[in-house]
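Reader: I would like to go through this model slowly, one question at a time. Could you show me the sequence and structure before we begin?

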Amino acid sequence: MLTLIQPDDWHLHLRDGLPMKDVLHHTASRFGRAIVMPNLRPPVAKVADALAYRRRILDALPAGSGFEPLMTLYLTDNTSPEEIFLAKRSGFVHAVKYYPAGATTNSDSGVTDISICHDALEAMSECGMPLLVHGEVTDPLVDVFDREKVFIERVLSPMKRRHGKLKIVFEHITTKDAVDFVNENGIGATITAHHLLMNRNALFSGGLRPHHYCLPVLKRECHRRALMEAAISGNPKFFLGTDSAPHSRSSKESSCGCAGIYTSHAAIEFYAEAFEEAGALDALEAFASFNGADFYGLPRNEKKIALVREEWVVPESYPFGDETLVPLRAGGRMAWKVAEE
Ligand code: DOR
Ligand code: ZN
């Protein structure tokens, strides 16, 4: 048995409406808080949108849940410094998300050129609002497996030099290059469970595996190892962010399938498995429950959760509004289970 201060998920996609209700309880039964991504259609670009979305999330929570959604704004070419200051004053918007236009799911309203956002980024530096970065270039000439590395060279490095005071989280890092950049520059970074557990072979094992497709795409084994080392290193700048991204079965199993891996049904259990495999279960609590809160300047949770070594089988699918979704490891075995309260 393993007892932890209750963890938080610093990168989560909840969607909206009935599908949200079907996934939210998975997160709320494990995590105290989650940073909720704003890539809805239309995006959550204004504080008023975030307020309404937050209310819908709270209304969809199971009765008695103490889960707290931490809201984000979607950065666009038109985000004004005034909106940033308004977000800061709101108390419920905790970060702003930067999607390069066209980089991933619902990113078409994203930023076309980050230099256009100079004033918004300066406002964020001034008031201490973190920028959460989807770190991939969209240049079609850049190989899809190199898009994170090239993003560091072309965008992140210059951004860090230009906005020295800006609090940055490099989201869902997938490469050794990203680990090195975080270590050298003192910015924050989230790491998903799926990037700790799988390398790119998982996309093609025995055939094409749409449920292992996400963005940034899985990388080589050497990169997976670098991520694992970072997660267990004790460097407080690395913290848990699942990037759990639910899509219906039909939109994944398609001639042009969506990017996104759903892990909320077993999120902390997947991380426990990865840390155990690395012989570093004792490093899990800092990564999952302390580092993110410290980075965001929020209090650590006080409640505890217990994980027990007890096998269970992941369902083949879960309800998802009018459809179903296929979770990671569908039909397969989990070694860890969250103990009932
Ligand atoms: O795999 C992903 N899915 N990566 C993202 O960046 C977006 C996410 C989603 O919203 O489905
Ligand atoms: Zn995401």
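Reader: What is the spacing in sequence of the donor residues of the zinc ion (ligand 2)?
Author: This is a predicted model, where local features need pLDDT of at least 70, side-chain atom pairs count only at pLDDT 80 or more, and totals for chains, interfaces and linings use all residues. Residues are numbered from 1 along each chain as written, chains are lettered from A and ligands numbered from 1 in the order written, and side-chain values use heavy atoms, without hydrogens and water. Donors are N, O and S atoms within 2.8 Å of the metal (3.2 Å for Na, K and Ca), and sites may look incomplete because water is not among the atoms. For the zinc ion (ligand 2), the spacing of the donor residues is H-x1-H-x229-D.

Reader: Which protein donors does the zinc ion (ligand 2) have, and how far apart in sequence are the parts tied together by His 11 and Asp 243?
Author: The protein donors, 2.0 to 2.1 Å from the zinc ion (ligand 2), are His 11 (NE2), His 13 (NE2) and Asp 243 (OD). Helices (H or I, at least four residues) and strands (E, at least two) are DSSP runs, numbered from the N terminus. His 11 lies in strand S2 (residues 9-12) and Asp 243 in the loop between strand S9 (238-240) and helix H9 (249-252), so the pair ties together parts whose separation in sequence is 232 residues.

Reader: Which side chain has a polar atom 3.3 Å from an oxygen atom of ligand 1 and also belongs to a zinc donor?
Author: A polar contact is a pair of N or O atoms within 3.5 Å. The side chains of Thr 105 and His 134 each have such an atom 3.3 Å from an oxygen atom of ligand 1. The residue that also appears among the zinc donors is His 13.

Reader: Where is the cis peptide bond to Pro 42, and what is its omega?
Author: Most peptide bonds are trans. Pro 42 is found in the loop between strand S3 (33-36) and helix H2 (47-60). The cis bond joins Arg 41 to Pro 42, and its omega is about -5°.
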